[in-house]
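Colleague: I'm new to reading models like this one. Please pick a single part and walk me through it slowly, then show me how it sits alongside the rest.

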Amino acid sequence: MTKQELFSVLGEKLSSFPKSEIEKSFEFYDEIINDHIDDGKTEEEAVAALGAVGDIMADIVQGISLPCLLKSSLNKTRPKSNHKALWIALIIIGSVVWIPLLLAALAILLSVYIVIWATAITVCCVVLAFGLSGLAFLVGSILIISAHELSVVLLYLAAALVCIGICLMLIKPMVLFIKKLAVFTLFVTKKIKSLFIPRREKENEIK
């Protein structure tokens with residue numbers, strides 16, 4: 001498949017999405033294909049290196065912003081012009097119900113995101129607090145060597161070692177937790193985007 005054939009197929013299957021967004025994706029893939037050609041591959045080999053058409057479509061759709069997907073979804077469901085007045089009337093009447101529901105759903109979703117990432121920030125702060133406390137105890141033990149008994153100095157050193165040890169033990173789980181959280185956030189974002197992808201495009205992605 002040549003580059004022109006690939007873009008032709010993608011343009012046909014993604015015709016329901018904003019043209020500006022699709023053209024941005026085409027420019028991105030055109031640059032990748034040209035880089036492969038510069039490395040010595042033929043145009044067909046460069047196109048094949050991108051993967052299956054369905055995978056490319058899925059990447060393009062996931063790269064489209066949520067507002068654009070929502071606008072595309074609304075355009076797909078918009079009735080013909082001869083029913084425009086009825087459509088507007090139904091929107092105005094139904095807004096009493098769907099606007100509060102939409103706002104409530106957005107508020108819940110935003111609250112979930114805030115709680116999740118607030119938890120991550122709290123974990124980071126706890127780990128940082130142990131690390132800083134350990135350093136503070138260590139510096140303190142050095143400063144009080146001449147002014148206090150050896151037992152006090154050893155107590156400070158013990159506290160420093162405990163805090164620093166806890167900090168070091170928590171760093172790896174903290175990083176793993178944040179990575180899992182980022183993956184989960186990306187997964188939820190993709191699921192939300194998929195709600196606004198027309199069924200025809202979903203079927204094409206599977207193929």
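Modeller: Helices here are DSSP runs of H or I with at least four residues, strands are runs of E with at least two, and both are numbered from the N terminus. On that basis the protein has eight helices and zero strands, so there's no strand to break up the pattern α-α-α-α-α-α-α-α along the sequence. Keep in mind that this is a predicted model, where local features need pLDDT of at least 70, side-chain atom pairs need 80 or more, and totals for chains, interfaces and linings use all residues. Residues are numbered from 1 along each chain as its sequence is written, and side-chain values use heavy atoms, leaving out hydrogens and water.

Let's zoom in on helix α2, which covers residues 19-38. With 20 residues at 1.5 Å each (the expected span takes one less than the number of residues), α2 should span 28 Å, and its end C-alpha atoms are indeed 28 Å apart.

Now look around α2. Glu-21, Ile-22, Ser-25, Phe-26, Tyr-29 and Ile-33 are buried there (buried is under 20% relative accessible area, exposed is over 50%, partly exposed is in between, with a 1.4 Å probe and protein chains only). Those buried residues cover an arc of only 135° around the axis, so they are on the same side of α2 (the arc uses directions from the helix axis to the C-beta atoms). Turned away from that buried side is a face with the exposed residues Lys-24, Glu-27, Glu-31 and Asp-38. After α2 comes Gly-40, which has a positive phi near 110°.

Next, the rings. Two rings of Phe, Tyr or Trp (its six-membered ring) pair if their centres lie within 6.5 Å, with planes under 30 degrees apart counted as stacked, over 60 as edge-to-face and the rest as tilted. That rule gives three aromatic pairs. One of them is Phe-28 with Tyr-29, edge-to-face because the planes are at 75°, with centres 5.2 Å apart. Tyr-29 counts as buried at 9% relative accessibility, whereas Phe-28 is partly exposed at 48%.

Elsewhere, Phe-137 and Tyr-156 also make an edge-to-face pair, 5.8 Å centre to centre with 75° between the planes. Phe-137 lies in helix α6 (residues 84-143) and Tyr-156 in helix α7 (residues 150-194), so this pair ties together parts 19 residues apart in sequence. Phe-137 is partly exposed at 31%, and Tyr-156 is partly exposed at 32%.

Stepping back to the whole protein, buried residues make up 25% of its 207 residues.
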